[in-house]
Each structure stands twice: as C-alpha cells, then as structure tokens.
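Trainee: Hi! Could you walk me through this model? I'd like to start with a single residue and work outwards.

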Amino acid sequence: MRKLLQQAAAAGLEPGALVHIGEKEPKEPRATVIHYGEGRFEEAEIDLAAGCPHIEVDRGVTWINVMGIARQEVLEGLGACFGLHGLVLEDIMNTDQRVKVEDFTDYLYIVVKTIEWQEQTQEVVSEQISLILGSHFVISFQEAEPDVFEPLRQRLASGKARALTMGADYLAYALLDTVVDTCFVALEKVGDEVELMEDEVADDPSTELLQRIHRLKREMIFLRKATWPMREVVGALERRETPLITSAIEPYLRDLYDHTIQVIDSIEALRDITSGMLDIYLSSISNRLNAVMKLLAVISTVFMPLTFIAGIYGMNFHYMPELRSPFGYPIVLCVMVAIAGWMLYVFRRRGWF
Amino acid sequence: MRKLLQQAAAAGLEPGALVHIGEKEPKEPRATVIHYGEGRFEEAEIDLAAGCPHIEVDRGVTWINVMGIARQEVLEGLGACFGLHGLVLEDIMNTDQRVKVEDFTDYLYIVVKTIEWQEQTQEVVSEQISLILGSHFVISFQEAEPDVFEPLRQRLASGKARALTMGADYLAYALLDTVVDTCFVALEKVGDEVELMEDEVADDPSTELLQRIHRLKREMIFLRKATWPMREVVGALERRETPLITSAIEPYLRDLYDHTIQVIDSIEALRDITSGMLDIYLSSISNRLNAVMKLLAVISTVFMPLTFIAGIYGMNFHYMPELRSPFGYPIVLCVMVAIAGWMLYVFRRRGWF
Amino acid sequence: MRKLLQQAAAAGLEPGALVHIGEKEPKEPRATVIHYGEGRFEEAEIDLAAGCPHIEVDRGVTWINVMGIARQEVLEGLGACFGLHGLVLEDIMNTDQRVKVEDFTDYLYIVVKTIEWQEQTQEVVSEQISLILGSHFVISFQEAEPDVFEPLRQRLASGKARALTMGADYLAYALLDTVVDTCFVALEKVGDEVELMEDEVADDPSTELLQRIHRLKREMIFLRKATWPMREVVGALERRETPLITSAIEPYLRDLYDHTIQVIDSIEALRDITSGMLDIYLSSISNRLNAVMKLLAVISTVFMPLTFIAGIYGMNFHYMPELRSPFGYPIVLCVMVAIAGWMLYVFRRRGWF
Amino acid sequence: MRKLLQQAAAAGLEPGALVHIGEKEPKEPRATVIHYGEGRFEEAEIDLAAGCPHIEVDRGVTWINVMGIARQEVLEGLGACFGLHGLVLEDIMNTDQRVKVEDFTDYLYIVVKTIEWQEQTQEVVSEQISLILGSHFVISFQEAEPDVFEPLRQRLASGKARALTMGADYLAYALLDTVVDTCFVALEKVGDEVELMEDEVADDPSTELLQRIHRLKREMIFLRKATWPMREVVGALERRETPLITSAIEPYLRDLYDHTIQVIDSIEALRDITSGMLDIYLSSISNRLNAVMKLLAVISTVFMPLTFIAGIYGMNFHYMPELRSPFGYPIVLCVMVAIAGWMLYVFRRRGWF
Amino acid sequence: MRKLLQQAAAAGLEPGALVHIGEKEPKEPRATVIHYGEGRFEEAEIDLAAGCPHIEVDRGVTWINVMGIARQEVLEGLGACFGLHGLVLEDIMNTDQRVKVEDFTDYLYIVVKTIEWQEQTQEVVSEQISLILGSHFVISFQEAEPDVFEPLRQRLASGKARALTMGADYLAYALLDTVVDTCFVALEKVGDEVELMEDEVADDPSTELLQRIHRLKREMIFLRKATWPMREVVGALERRETPLITSAIEPYLRDLYDHTIQVIDSIEALRDITSGMLDIYLSSISNRLNAVMKLLAVISTVFMPLTFIAGIYGMNFHYMPELRSPFGYPIVLCVMVAIAGWMLYVFRRRGWF
C-alpha cells in the first residue's frame, strides 16, 4: 500500500520544495562523468559539491551518472550549473513521480522506473530514474546502488557500443532501453511465479495460496501503474519536434515503443491469467466441498438404514417372532450386507467414490 | 446516498436562483483580504456587507478569502462588485456542483472539492471550494471552517512563499495545489483502512466486515466522482489560451496535472484492491464452510460405523453366539478402536483435521 | 421489457407514416398559446384544428404548449403551418424516439424524456417531450397530463421569470432545464429505494429482495438509455452554430450540461451500488448457510459420541463387567456430560455459536 | 458456432475467387426488374443469363431484385453489365461478409444483414443482403426466398410510396430501412423470450434453463456482431460526399441512424438483463441449497437429542433407578416432547420452516 | 507462459544485436527466388551466402522466399544487398516481435504471425513472418518448414494467379491474405474445441475440464495478442501514402481489413463464449452439490424418526405397556412404514428425487 500512496508526506509544503520522498535509504550522492565520441572514452569520478562538471559542447557526448539523490544542496548546485527548473529538482528528489517526459526547450526531463521482482518478499520493487537530455549531455539520476547502467558503461568502455558514434539522444535512448529491459526480466520472473501458482491452484487451493494470488494481483496493479505511462513517454519522444531528438534515432525509438507495448501486453496477459486463477481456485474449493459432501452422503446413506434395522431388533417387544428364530440373526446380517453392497454399487456407478 | 444526489432540492426553481444547497451547517460569511507583491504583505478582515473590497490593479495581487457561502445578499453584493454572472453566484452557493472550470473572459470560475476522510464515521467528506481568478485578484469561497488555506496564508505572511514574486495565476495554482494535497492525505488514510481490512478479511470474514468493505466501495465511488473531473479542469487550465494564465506557471500546472493523475491512479488502484478483497472474503467463507463440512464428515464417518456395530450387538436375537463368548465384548471394543483409528489416520493423511 | 422495444409495431410501414406509438393512453390534443416579452404576458387556449396559431415575429416570444399527440390530422395541420418535415411529425407521434436534436435550418427539433419514479410499481416511467425551436417561437409537445411545464408557466405569469426578458432560445433552455430537473427528483427517489434495500440486504436476503434488486437494475438500464444521449444533445446545442441559439444563453447551456453530467454520474453511481448489493446478497446467503452448517456440525459432533457410548452399554454381551457395577451408570452419565461440556467449550471458543 | 466462423472454407483460395459460402441452400437465381418514376410503375421477371437488363438513365429509377446468389456465371454476367469489381462479386456470393459500405465512385456497395428469430430452434438466423446503388438504379441481392422486400414492392405497386417521387438513393434507403425493421421484429421476440425466462429463473432454476440462458447469450453475441457495424455503415452514408447520396434523403438517413442506435441499445439492454438473470439463477440455487440444509439441520437437531435419550435408557446397567419407576417411561416421553417442541418453536421463530 | 514473455533473453544486449529468439528449432536458411510478370514465371533455389540475388527492376516482380532465420551472417549479407536497417535484421531474427508495419521510405517492413491450432497439445502455435516490400520485389522470411506460401507459389506457377498481372504490392497483399487465412482455419478448430467443451460442461463438470477451459482461455489471450495489432497494420497499409502501395490494390486491402476484423470479432466471440462456460461450470457444480445434499436430507429425514422410534422401544423401562401387547410390534412397524411413505411422498412431490 505504501508505494501506491507516497505523495501525502509532501502535502502542505511549498510546491517545488526539495524533500526527499522514497523507499530506499538515501545515500551520499556519487557521480561519474563519462566523455566519449570521436574515438575517445574518458571516465572520471567527480565531486558534485566542488563545482559544475565540465561539458564538452563542441565534440562528443558527456554522460553524468549520479547515484543517490538525497542531498538537497548537491542537487541545487547541479540545477544551477545546467539551468534546471526548480520543479525538476523537486521531481528528481521525490521518487514518487509519475513516469513522464517534459520539454523545457533547452533540455528534456524524463522520469522512468526500473522494475525488479524480489523473490523473497514476492514483491515488485521499482526505482525511479531521472534523465536530463541536453544537446551534448545526458544526466542520469538513480536512487541507490546497484547501478543498472553498468552493462551500458562497460559496452561504452569496450569501444564496441553503437552509442560511441552517435549523439546524446542515442545515449538517452540506450538508457531508456536498459530500463525497459529490466521490465522484461522482472516480468519473466513474475511469469514463472504465476506458472508455479497455476500448478498449485487446482491441486492444493489453500487460503495461503489465495493470499499469494491476491498479493500478486496487487503487485500487478502496481506494475501497471508504473508501465502504462511509459507508452505515452516513448510515444511522445517519437513524435517530439524538439531538435534534441534527431531523426537518426527514430527507428530506435520506434523499436523501444514496440518493446514498451510488449511489456504492457504481457502485464495485461498476466493479469488476465491471474484473474482466471481465482476462478479455478473457487472452483477447486467447490469441487472439494462436493467431494466432502459426497463422502458424507455415502456414509450416511449406507449406515442409516443399517443402524435402523439394528434398532428394530433392539426393541424390547415381547412378541417379535423373528427374535426367536435361530436364523433371524444371520438373515438380518445378510440383509444388511446386501443393502450396503447395493448402495455402494449404486454410488460407485454414479462415480461418487 | 445523500451526497450522491443533492440537486433535487433545487428542482422546479428558476435557473440561477440563489439557494444554498450543502451538507455543512451554513454560517455567517467572514472574509479576509490579503494584498501582497513587491515586498509587501497586508492582511485585513473585512465586512463584505459594507461595500466592494478594494482591488489593487496596478501592483501586486489581492486575495479575498471568503468563509461561509450561505448569505445570499452578501454574495450578490460581491457579484455586483466583480461583475460575476448570476449562474456563478448560484454555483458558489449550491455546493453540489461538479468540479469544473468556466471561462467568462474577464475571469475564470473554478470549482474544486477538498477531500477528507473521517475515521469515526468511515466516510469521505468533501467541501466545495470556488475560485474566481481575475487579472489581479483571486477570490476563494469555502463552505465553513477550518480554513484549508491557512498553511498557504502563513507561508505568504512569512515572506518566503514563491507566490510573493508571481502573479494572481500562481496564487490560483497554489490554492488548487492545496486542494489536491488534501486528496493525498485522505487517500493515505483510506489506504491504511484498506490495509487493516485486508488483514482482517482472511482471518475473520464477518458480515460486519463485508458491510465495511461495501461502505468503503461506496465512498470510493464518491471519491471517484469528485476527483475524475479534476483531471479535465487542470488539463483545461494547462491548455487555456486565456491571458489570465501566463506561461510562467505552465510547469506548475503540468506538475499539478501529474499530481491529479496520481490521485486518480491511486483511487483506481484502491478500487481494484477493494474489489479483490471481496473475492477473498467469499473464498474465506467458502473455506470455512469447507472446514465445517470436513469436521461434520469426519465425525459422522467415525461414529456412524461404530454406532452401527453397537446397534448390532444391542439386538435381542436369542441366538447370537458372540454375545455369550466372554471375549465378545473386548473384541468388539478392539474392533471399534481399530476402525476409528484407521479412519482418523486416513483423514489425517488427507489433511482434513 | 415493453418499453425497451417498441419500434417493432411500426416495422413494415412507409417511413414517415404517422402512427402513434406510446405507452400512455392517447387523448384529444389541447394547446395553449402564450405570448410574452416587452412587459406583456398573454395566454390563451386555442383550437389547433381551427387554423394556424398566430406567431408574433416582430416582438416577444410565442410558446405553443401542446398536450396530447395522438391525433394525426392535428399534427399535420401544425406541420403545414410551421413547415415541419414529415419525419419530425412522425417522430413527435412515435414516443419511442431516441433523445436527440436535429437542425432543420429554420428550426431545431429536440426530443427529450422526462423521468418519473412510480413507487407503487417500482418502475421508472418516462414521457417524451418534443420541442420545436424557431426564431420567435417554441412549440412543446407532451404525451399527456399532467403538464410538467406548469411551474414554468406560473413563473412566466407572475412576471418574475428571467425568460420574460430573453429570447425563444432561453425559453427552450428553460423547458429542457425543467425536464432535467425531473430526473433529479426521480433519482432521489430511486436513491431512497436503494438505501432501503441496502439495509435489508444484509439482514434479510430473501429471494423476493433479489428480484426487487434485479428489477431495479433493469430500471437503471432503462434510465441510462434515456439519459445518456441527453449529454450529446445539450453538448450539441452548446456547440451549435445555428443562429437560433444566441451567445447570451451559452452559460445557461453550460450549466444545463453540468446538470446532465451529474444525472449521468448519479445513475452510474447507483448502478455500481446496486451491483455491490448483489455481492452482499450472495455473501449474506453464504453466511447463513455457514451458520446453518455450523449448527448442524455442533449438534452432530456433540450427540454422535454420546449416542455411541449409550449404544455401547446397550449391547447385550453377557460379560460386560461395567454393567454390574453400581457406579457404572452414574460414571457413564458423568463421562457423557464431560464430553458434551468439553465439546461445547471448544465450539464456543471457535465462536461457532 | 458454425455461423461465427465461416470464412475458413475459402482459406487458401485465390482472393476474389467466386465461391458460394452460406448457410441457406443455394437456389437458381431469379430476378425482377422494376422501373418507376414520373407516374410509371413497370415490373417484369427477367432471365439474368439472357443479357444485361435495361437501365433507364434518363428518367425514373430501375430496381433489380435478385433472389439467389449461388450461380457464379450469372453474377459474373451482371458484374460485367454494371462494371462491378471482382471483389464485390466475391463478397455478394460469400454470405459471411461483415456489414459494410464501400465506395467504388460509380456505385456504392452495401452489405447488410436481416435478422430473424426462429422460435423452434431458439436461434437467430440472419440473411445477407447486398445492395448496389448506382446513379439511376439499385440492385439488391438476397440469399433465398422469402423476399423481405415484398411489402416495399407492394407499396410501390400501389402508387402510394414516397419512393415513387424520389431518386435511387431513396430506394436504397427504403431497402435499408426494411432491413433494420427486421431487427426490431426479431428483438421484440427475443425480448418476449427473455421475459419468459425471467419468470422461470427464480421459480425453477433447472440446468436446462441455464443452458437456454447460455444459448441466448450466444445468440446475443451473434446479434451484436451483426448489428454493431450497421451503425458505422449508416453513419458513413450520412457523411458520404458521394454524389450518389443527395441531400434530400439526409433526414431519412438520420432517422435510419437513430433506428440503428435503438437496435444496438436494445441489444445491449437485453445482454445486461440476460447477464443479470445468471446472477438470479445462481442465487436461486444457493437459496434452495440453504432451504435443503435448513431442513436437514432441523431434522438432525430435533431427533439427535431424542435418539440419545432413548439410547440412555436402552443401556443395560443393572442399577438404573429410573427404569424401575412406574413414571419413568411417561416422564421421559414428556421430556422428549418438550425438547422437540421447544426446538421446533426456536426454528419456527428463526423462520427456518 | 513461455510465449508470452520471450524478450527477456535479449535484455542487457546492445540494441540491434542479432540474436535468434524463437521457439522453433533454428535451421539452415534456404531461399527460393521467383521472377514473374509479363507472362513469365521463373523459379530457382539460390544460395544466400553466395552473393546478392538478382532483382529485375525494369520488368516483373521478384519474390525471394527465405525459410529459416537463424544464421546471422546470411541475414547480414541480405541486409547489405537491400540496404536494410540493422533493427530490421534484428527484428527478423527475434521472433518475439509485435505485429507491425514500418516505413523505411525505400521499403516497408511488415511483421505478421501465422496461427496454427495443435490438437494434441491443445495449444495455439504461431510463426513469425517478416515481409520486405520494395518497389519491384518482396522478401518473405519464415521461421521453418512447412512453407505456408506453397499454395500461392503453385497458383503463380500454374499461370492462373491474378498476382501475375499486378505489381509487388499485390504480391505482398497475397502473402498477408494467406497469413490471415491461417487464422480462420485455426479459429474454426478452436471453435470446434469450444463446442465440444460446451457439450461436456453441463454433463460432466470435472476439474480436468476446468483446467482445459482455463488453458483455452490462456490460448485465447495469446491469440488476441497476436491478432489485434494486425488490424492496425492492415489499416496503416490502407492509409499509407507511400508510393510502394498503389491505388490498384486498395480494394484488396479493404477486403483484407474486413477479414482481419472478422478474425478479431470471432476471437472476441469465442472469449465471451468461453467465459460463459465458466459460469455454466460453476452452476453445474452447484447443482450437483444441491443434488447430493438433497439425497442426504432425504435419507436423514426418513431414517432419523424411524431410528428414534426404534430407540424408544429399545428402552428398558419396566413399565412400558406397549411392549407387552401382542400387536405392539406390528403396529410400530406399520407406523414406521407410514411415516417413511408419507415423507417419500412429500419429497417426491417437491421433486427432490
């Protein structure tokens, strides 16, 4: 529930006030600056508090990767360096933003969410990634370690990434693509979980399983809330007439859009399947109830007449001729066996046991 | 039900007739006028019946904050001062308006709703806030105390609010932002309530809980009705080509729009979760029924054969050789124990108890 | 069902053929002509068969209020006087029209429905109102008495209605507003009905109540069918670039539009609540079943072991040492009481009774 | 199921290949040519194989009404006469077309479906009607007898139809109107069927009724599939800027559009009602189960204690003082009657029987 | 589940990296080149690794049909020959693409899916078909044998196909038409399966059937995911202002669009029917439970009173006058028979057995 409703903490404050709202424990920001392009690849850890990081406007692309967003004065410093709007800074710190893209003419501000499935807690965990795309630079903000962009950094360092020959917009695309890929990985794990549940639901419909299904449905609601607006964001980038997005990356954005649609489609499919599981769960319970009732009916139907017959001959009437006959007892026993056998035969034929 | 259907009271009257329709007890209007801008901040309580409040058109912003909307002649006086349309006055008094924005060229008329969750009655209470945004002034109408804009007034008085350096449109934005924030606070409380219910629903599915869920669902319908049009209102403000909205506050309106979407998303998510709870409720009941039936089946299945055997040897046949054997009784007892033991073993293995 | 499907009666006829289709018993048309404007208010009952009613084109507004639509030749006469299209005449007579507005350049043809909740039959009854709005006149057609426009006529007669100073378009608006107001009144009554049912549904979920809920749902389907297109109609009027609608009544149409949306919202909310009642109904039945089964289980679980013990000592074995002991009987009785007491204690602790 | 999925038969063939796909037994085509206009009405049966039928381009309207569509060479001949596209011929023969309108500049090709409710099989049967609307002629294709356009032909012959004074587009409209009217008739019959079921569902919820409801729902799915696109077709005709549709018939098309909407609304309403019946069905079953269980509980609760008491005094203890008392037996009987009476009183008060 | 979520395997890779992702076992690519037009038809198997296939730009159409997509270097070679974008090559190899069409100015890239219903596994299997439509050529990529385009190839070879007289765009249309036809065939089989289940669901509602229904629903989710975007693709082709699509094939594309809509409509209808089956399933189970409970109630209600009476006369009171009467025993037996008979009569009249 917590993650569905976080904004409340900031209610009553000045709009634009810098407050850190987030789930992950805030840490001291750590920043890496990477310059690349024209065959170069330079990487350096920098101290954000020490002044504005250098941006090369005439050649190559600069990528500033910031880990940790909790220190207000650091963000304000960066904001001053790059002329960021106060609301952008607020949104970077407040990790309960909606996925969105905003055009501030000089730069685009993009908010996206990585998705991770935590097997222990059976929960979907998401981290907010903020991207600032300028004409020659990209700044990425992550809440905490681990760095989801590490594989991309390594590809850049290895000198084989396509990004090395393209502009800042391609870098932004590559970062977004990495984020969407986390969704695929998370969804695959959720899919495995669903498959496990599907096997269990008909065999062993326990209340505990029901609660797991319910919890999964809730996580799916959260997933949906996190991924649906992604579609609008990538769609907006694709249409965007800002000069920050060049036509060279249009096919890549189209590809990213398709991936986003696939993520959304998969979530919808998983939702449908999960809803279907509830039907099976309820049917399984009904079936079990049926089985229990059948057993009860069989037992009662077999023993009630027998007990009644025994009761008859337990009566103390003085004149009961059968009681005196030496064959009375065996005949009654035989009749009882016959009745029980016939009834069991009938039930067996009806498939009740 | 009352709050879903209030308009009926005004049926049959002249359209535009000033009738107070509302839940809160009407009170004598009380008004505060605040002048600010260019470093100033002046605040005064005024008597609305004594004539038109002074508006400074050449410098700063004037904010008239009216508490209480029940006195018709006061509203008519204000309406005459500011040239408000008769229907606007009617809408201000009738607190069953739909959330909306209307452009009357000289001023915008905005109707919004604050949301409050009352824990005692488990109900959502809403208050209608009417805003008149002119070129140099904002008039806000609230139904009753407490003043939800008090924190904003204090920020203005403290000299640190951003509003002090901006125009009347920013003030209107700040007021709307305050209203949306009340939704976040209310939703968080509803979320806590839902979480409590979720814990209860599997453990103790009582009819009383069902009715609480149903009541909550009804409150959610009301919440939805109150917040969905908010989206259109803020969206319309964002698009509005009226000169009353300047481009300077566009990012703030965008931010407000995002908040509104988040409120709506959260309500939808809570609705989904509440619906899911009903499924769990029904399943819990079914599970309990199953448990009861299993107990019944176990008891019957164990005791019916035993009682039958006892019945056999309670028969009064003269020739029942077992009855005479000195080992008859202990053997029968042993057989009974064996049957009972075997059955309990079978049920235990099936996990029935 | 009847009112959902009336058109069938006209199938196979010439399109435009004048056939009266309606629920209310047709009556002899009766018409009133009201001239007003420029301080005047003149009212006269006229005989439609006697020729065309006089319309004052140079001053004021003429309102012809026709009660009863069943006489074909009368309608044809009126149609000839005002140059109405044959299909308009057909639509006026056939009261199974969809709510709609049609622009015939010289006049607008508007079809709306009044809504009434009949408490005795628990049914929603609707009456079709046709309006012809020309440049200086309005003709209104009602199916039968009572005249829903009577309050408006009285306001006009009293000389205090705003309509007296405005054009024919305002009169049309005022008539539409009256029609929408009937919906509010009907919805309030339906709301009261729903509230009553809500109290009943958890306490006494009888089959009869279920059928009342079902009937109410069906009435709601009908209500929805009657009110949804209202939204389009008023929206179309608001947008209409016909000179018949002047800009002076734009705010009133906007207000009317809001009222229409509120009617629709309320119907949707009532639908949701009614659907929710079905869930409660089913849960109540399940809960009762549970209660019955628990009673059965308690009774069986308590008495089966006791009866079994009694059965044991009812066996006729010759060698049963307990039977001879003078304390056998009281001890067995004590054991029975102990077993029963313990079981009742267990069930009480589980909250079964 | 068959009628939902017919296209498969043509899979793998050349697109545009003329294959007859349909439910009705194909028959030899039979064609009637009707010339009318300027006071004339001429009718003749013609042999399509004998050459192109004569079309009067300079005066009046020609209507060629073809019954039977199974003979490929006949259709190809007609297609050559009127310059019809190969795909049009294919679509005429293949009666599994979607309802649609296509503009081929020289002519419009319209596909619609008549609806008929067959009471014996409880099924909706539909027939595909293809219309070719040229500037002076209309060609209508029906699958088989009976001719649904017979009433229209008779009105034309009687000299009283409005069509006689209007163009080919009005004839096409009149044909479409006839088709929509078949829907009204069919829906009324379905409505009667639904009403019958509604009475039955609470009284006698048999499995057979459930299957009838299910079958009806399936027919409704089919009905919906057949009528929804009708809306687009008539809407497209209304908007169409083709010179084949003149402004004179615009009000008629608008009327037809309204009728189409009413058909669709009625189907939706019937669907809602049918879905509601399922709820009642399930509730009725639950109620019956409750009644059965209550009976069982009453019986068990009354007789178990009594049988237990009888069991007590059936024990063979030597020292049971009550057994010797001459009042033991009557007292025990009285106690039993008292217990049974008290229990029955309690159950009666709870309303269990 | 696997086929819903395949993309994960490519997460973390360079966008555009050529990785084969697919279900079918990759095979060595095999390619056929067909030249036709102007009365010619030439066909040859070629070795893709040996260089660029010859395209005749000045006359006729060239169709390159590639079977097998797993060899990266082969695809890269082809991509270089025809100037295909890297992302296109990636999409061809990765068979988890969404159905889509992309315009690369010089060529269109179209991704579609064939559908096949595998009766043994009760699963829908789909194969990705990629089409490259240039001005004089079409390249089609299939994952594996069998060649779904074989019938089309044979029609071309026979010299009777319409494609022989038309351009490359018609060939692309014919290929798409073939793909849509596979859907019809698959849907017909699914429809048969649904019909089978429908017969079974009321007669024998086993858990195994429930799981088959659930599996079918899941397959339908998959089907929907595969076919919905088809609509957009064909719609986009129809609208496309690219010179690659000539106006000559517009009617064919319209026809294809209609077929696509029919496929989608049928899937929706099948979904509705399948959902309806679940309702019947649950009702059947409830009905059976009812039947079981009725039996139990009948048995208990008949035998409990009888056993009680027998218990009465099994009591050992010394003074029980009935016991001594010589008619006691036969009278009690008669009373028992009378009670049993009366109860059975009552139950029979209620229709309980």
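Trainee: Which helix holds A:L171?
Mentor: A:L171 sits in helix α4 of chain A, which covers residues 168-203. Keep in mind that this is a predicted model.

Trainee: Is A:L171 buried or exposed?
Mentor: Buried: the relative accessibility of A:L171 is 0%, so it counts as buried.

Trainee: What does A:L171 touch, then?
Mentor: Leaving out residues up to four places away in sequence, A:L171 touches A:Y36, A:V61, A:W63, A:V138 and A:L152. Take A:V138 as an example: 33 residues separate A:L171 and A:V138 in sequence, yet their C-alpha atoms are 7.4 Å apart in space.

Trainee: And what is A:W63 in contact with?
Mentor: Not counting neighbours within four places in sequence, the contacts of A:W63 include A:T32, A:V33, A:I34, A:F149, A:L156 and A:L175. A:V138, A:L152 and A:L171 are also among them.

Trainee: How many residues does the largest nonpolar core have?
Mentor: That core has 361 residues. Those with the most contacts inside it are A:W63, B:W63, C:W63, D:W63 and E:W63, along with B:L171. A second, separate core has 135 residues, including A:M293, B:F303, E:F303 and E:Y313.

Trainee: Let's change topic. How do chain A and chain E relate?
Mentor: Chain A superposes on chain E with an RMSD of 0.1 Å after a rotation of 72° and a shift of 0.1 Å along the axis. The two copies are thus related as by a five-fold rotation axis. In chain A, the residue that comes closest to that axis is A:G314, with its C-alpha at 4.4 Å.

Trainee: What about chain D and chain E?
Mentor: A turn of 72° with a shift of 0.1 Å along the axis lays chain D on chain E, and the RMSD is 0.1 Å. In chain D, the C-alpha nearest the axis belongs to D:G314, at 4.8 Å.

Trainee: How many residues of chain A are in contact with chain E?
Mentor: 63 residues of chain A are in contact with 66 residues of chain E. The two chains bury about 5,700 Å² between them, and 64% of that is on carbon and sulfur atoms. On the chain A side, A:M304, A:F308 and A:F317 lose the most area to chain E, together 11% of what that side buries.

Trainee: Why do you say the copies meet through different surfaces?
Mentor: Only 16% of the interface residues of chain A are also interface residues in chain E, so different surfaces meet.

Trainee: And how far apart are chain A and chain D?
Mentor: Their closest C-alpha atoms lie 9 Å apart, and no contact joins the two chains. Chain B and chain E do not touch either, with their nearest C-alpha atoms 9 Å apart.

Trainee: Back to helices. Which residues of α1 in chain D are buried?
Mentor: In this helix, residues 72-82, the buried ones are D:V74, D:L75, D:L78, D:G79 and D:F82. They cover an arc of only 135° around the axis, so they are on the same side of α1(D). Those buried residues pack against β3, α2 and β7 of chain D. Just after the helix, D:G83 takes a positive phi of about 65°.

Trainee: Last one: what confidence does the predictor give?
Mentor: Chain A has a mean pLDDT of 84, with 92% of its residues at 70 or more. Among the elements of chain A, strand β7 has the highest mean, 93, and helix α7 the lowest, 82. For the complex, the predictor gives an ipTM of 0.75 and a pTM of 0.80.

Terms used. Residues numbered from 1 in each chain as written. Chains lettered and ligands numbered in written order. Predicted model: local features only at pLDDT ≥ 70, side-chain atom pairs only at ≥ 80, totals over all residues. Heavy atoms only, no water. Least-squares fit on C-alpha atoms with pLDDT ≥ 70 in both. Contact = heavy atoms within 4.5 Å. Buried < 20%, exposed > 50% of the residue type's maximum accessible area, 1.4 Å probe, protein only. Helix = DSSP H or I, 4+ residues; strand = E, 2+ residues; numbered from the N terminus. Arc of directions from axis to C-beta. pLDDT = per-residue confidence, 0-100. Core = buried A, V, L, I, M, F, W, Y, C linked by side-chain atoms within 4.5 Å. Buried area = accessible area lost by both parts, 1.4 Å probe.
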